Amino acid sequence: MGTKYISEAVADAGFLPEKGKIVWESPSNIALIKYWGKYGQQYPENPSLSMSLKKSVSIVELRFRKNTDKKGTVDFKFEGIENQQFKQRVDKYLYQIAGYFPFLKDLYLEINSSNTFPHSSGVASSASFMSALALCICTLEKFTHQTYDSDFYQKASFMARLGSGSASRSVLGKFAAWGKNPGFSGSSDEYAVSFTEFIPENLRIIHDAVIIVNSAPKKVSSSQGHQLMQNHFYKQARIQQANTNIFRLMEAFSSNNWESISDVIENEALSLHALMLSSSPGYILLQQQTIDIIDAIREFRKVSGAQICFTLDAGPNVHVLYTEKAKQQVETFIDKELKPLAENNHIIYDKTGEGPVLKEKF
Ligand code: DP6
């Protein structure tokens with residue numbers, strides 16, 4: 001795949017107008033089967049599966065210009081303000097993908113990004129940002145095209161993966177799987193593919209209420225966490241577990257069995273944190289309130305029978321997942337029992353989204 005994209009690479013920017021602007025909005029996603037551990041050029045050690053969010057999105061505006069002394073350079077702003085740390089990440093990314101898009105050397109790029117959700121809120125901003133940026137770059141290459149086909153999205157997912165593994169899944173709407181998985185033909189380590197056809201109609205909208213336990217930046221980043229998997233004592237067992245869990249989750253979805261669905265999703269969340277606890281050195285991102293919230297959710301499910309479960313990202317905040325059918329009952333429970341456990345009563349209400357949207361191109 002990579003070699004195909006290299007051999008197809010467009011050498012110079014002759015096909016582009018003198019200047020222009022592209023804006024993509026792309027969602028964050030929450031993993032149900034967790035990607036944890038990687039190798040080589042951002043290849044996953046295990047397959048993962050996620051749900052795209054609707055309201056938690058990044059908006060990336062990319063302006064380009066040809067005839068200027070600044071060609072071959074990039075300026076980056078986050079919410080209108082220059083951000084050096086972010087710029088370094090963008091520079092590194094553009095350098096990494098330069099072989100696929102050689103025409104970028106002829107352009108001066110101005111990138112401005114913003115999010116609809118706060119930083120460190122338990123919603124992954126690197127996934128939404130990197131997927132929106134990859135979509136902008138792929139759109140540059142297809143600037144004269146009016147519509148985008150599945151090859152375009154596949155390439156964008158491949159490019160998003162090089163920026164952040166989980167970003168590969170954000171390029172697709174609804175439910176997406178990334179990582180070669182023997183039970184799922186068409187799955188790939190290089191890009192994500194849609195998983196939506198395996199989800200029964202009544203579960204194609206799942207609500208996600210993120211209970212913010214702590215909004216401070218994490219002590220240990222996901223990148224460090226992935227690195228710690230390289231020599232993890234449980235590495236092989238984790239790869240096996242994820243492969244088994246994705247298969248179990250496919251079965252649970254196809255039989256529309258919420259008990260099994262929630263069992264696998266919660267097993268994945270707790271296993272992710274168990275891997276952090278047992279890394280060398282080990283670390284703890286869970287907080288007391290995280291555990292209190294998990295206990296309350298499990299107790300509520302037992303007593304009410306409602307279709308609810310939880311998942312966790314690599315942080316202390318809890319994603320409460322529930323079906324459309326359970327919405328009213330669960331939201332009353334969240335308001336009464338979980339909200340008091342949230343930092344400043346902060347909860348982000350979101351749900352399954354349709355995927356990225358091209359907002360402007362001229
Ligand atoms: C726990 O995709 O943020 O959210 O590839 O280094 O950018 P990089 O890591 P990232 O890792 C996400 C880890 C996770 C699980 C998941 O989203 O599958």
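Here are three short exercises on the ligand site and the salt bridges of this structure, each with a worked solution.

This is a predicted model, in which local features need pLDDT of at least 70 and side-chain atom pairs count only at pLDDT 80 or more, while totals for chains, interfaces and linings use all residues. Residues are numbered from 1 along each chain as its sequence is written, and side-chain values use heavy atoms, leaving out hydrogens and water.

**Exercise 1.** Describe the shell of residues around the ligand.

*Solution.* Start with the count: 17 residues surround the ligand (a residue is near when one of its heavy atoms lies within 4 Å). The closest are Tyr35, Lys38, Ser164, Ser166 and Asp313.
Next, sort the shell by class: 5 residues are nonpolar, 7 polar and 5 charged. Here Ala, Val, Leu, Ile, Met, Phe, Trp, Tyr, Cys and Pro count as nonpolar, Asp, Glu, Lys and Arg as charged, and the others, Gly among them, as polar.
Finally, look at the domains: at least three shell residues come from each of domain 1 (2-198 + 354-361) and domain 2 (205-351), with bounds from an automatic or database domain assignment.

**Exercise 2.** Find side chains with a polar atom close to a ligand oxygen, and say how much of the ligand is covered.

*Solution.* Take Ser166 to begin with: one of its polar side-chain atoms lies 2.6 Å from an oxygen atom of the ligand. For Asp313 the corresponding distance is 2.7 Å, and an N or O atom in the Arg169 side chain is 2.8 Å from a ligand oxygen.
Then turn to coverage: of the 460 Å² of accessible area that the ligand has on its own, the protein covers 93% (Shrake-Rupley method, 1.4 Å probe).

**Exercise 3.** Compare the settings of two salt bridges, Asp91 with Lys87 and Arg238 with Glu268.

*Solution.* A salt bridge places a side-chain nitrogen of Lys or Arg within 4 Å of a carboxyl oxygen of Asp or Glu; the whole structure has 17.
In the Asp91 and Lys87 pair, the closest N and O atoms are 2.9 Å apart. Both belong to helix H2 (residues 84-96), and because they are 4 residues apart, about one helical turn separates them. Asp91 is partly exposed at 31% relative accessibility, whereas Lys87 is buried at 18% (buried is under 20%, exposed over 50%, partly exposed in between, with a 1.4 Å probe and protein chains only).
For Arg238 and Glu268 the closest N and O atoms are 2.8 Å apart. This pair links distant parts of the chain, 30 residues apart: Arg238 sits in helix H7 (residues 235-254) and Glu268 in helix H8 (residues 258-277). Arg238 is buried at 3%, and Glu268 is buried at 0%.

Notes. Polar contact = N/O pair within 3.5 Å; in protein donor to acceptor, adjacent residues only side chain to side chain. Helix = DSSP H or I, 4+ residues; strand = E, 2+ residues; numbered from the N terminus.
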